[in-house]
Amino acid sequence: MTILSTLYVCVTCRGGGEASAGEPRSGARLLAAVERESAQVGTNLSVVGVECLSNCSRSCSAAVTAPGKWTYVIGNLDPEQHASDILAFAHQHSAHDLGLPVWRERPEHIRKNTIARVPPMPLKESP
Ligand code: FES
């Protein structure tokens with residue numbers, strides 16, 4: 001059974017790309033770019049804006065997760081350049097039962113800017 005992944009995009013990030021005066025923050029622009037891209041290619045992923053993934057010094061930031069799968073935090077995303085990369089990675093994550101896309105098949109920017117990966121939570125039964 002395929003468990004669809006969720007792509008969280010931090011909308012409060014300020015880094016990653018130049019913002020002109022009056023423009024939304026870089027993170028908000030990254031979310032808008034991801035939403036535009038996903039509307040064009042068609043996706044069944046959930047794309048959700050969140051506030052701060054605690055990766056501010058290496059922003060823009062996003063995270064990919066799903067129940068029972070590995071979670072990834074990705075940094076140094078530029079809203080003008082990397083929307084398709086993070087979306088492609090989220091699709092690869094969604095397609096893998098454990099959320100472990102083949103490393104060499106991941107977009108280069110994702111390979112080089114994975115800040116952390118966290119294993120799936122173990123299932124614990126109550127005694
Ligand atoms: S504001 Fe985006 S990671 Fe902190």
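In this predicted model, strands β3 and β4 run antiparallel and are joined by three bridges. Within this pair, A62 stands opposite I74 in β4. Strand β3 (residues 62-65) also pairs with β1, again in the antiparallel sense, over four bridges, whereas β1 and β2 (residues 46-50) run parallel. The pairings are summarised below.

| Strand pair | Sense | Bridges |
|---|---|---|
| β1 and β2 | parallel | five bridges |
| β1 and β3 | antiparallel | four bridges |
| β3 and β4 | antiparallel | three bridges |

Individual bridge partners fix the register of β1: T6 is matched with S46 in β2, and L7 with V64 in β3.

These strands belong to an open, mixed sheet of five strands, ordered β2-β1-β3-β4-β5. Its edges are β2 and β5 (114-118), each of which pairs on one side only. On average, neighbouring strands are turned by 15° against each other, direction ignored.

Two helices pack against the sheet. Helix α1 touches β1 and β2, and its direction makes about 150° with that of β1. Helix α2 lies across β1, β3 and β4, running at about 15° to β3.

Strand β1 (residues 6-10) is largely enclosed by the rest of the structure, because four of its five residues are buried. The largest nonpolar core comprises 25 residues, and L7, V9, L30, V34, A62 and I86 have the most contacts inside it. Two or more residues each come from β1, α1 (26-41), β3, β4 (71-74) and α2 (83-95); the largest share, five residues, is that of α2. Leaving aside residues up to four places away in sequence, V34 touches L7, V9, V47, A83, I86 and L87. In soluble globular proteins, nonpolar side chains tend to be buried together.

Technical notes:
Residues numbered from 1 in each chain as written. Predicted model: local features only at pLDDT ≥ 70, side-chain atom pairs only at ≥ 80, totals over all residues. Buried ≥ 20, exposed ≤ 12 C-beta atoms within 10 Å, placed from the backbone. Pairing = 2+ DSSP bridges. Core = buried A, V, L, I, M, F, W, Y, C linked by C-beta atoms within 7 Å. Contact = placed C-beta atoms within 7 Å. Axes fitted to C-alpha atoms, helices over the stretch in contact; angles between N-to-C directions.
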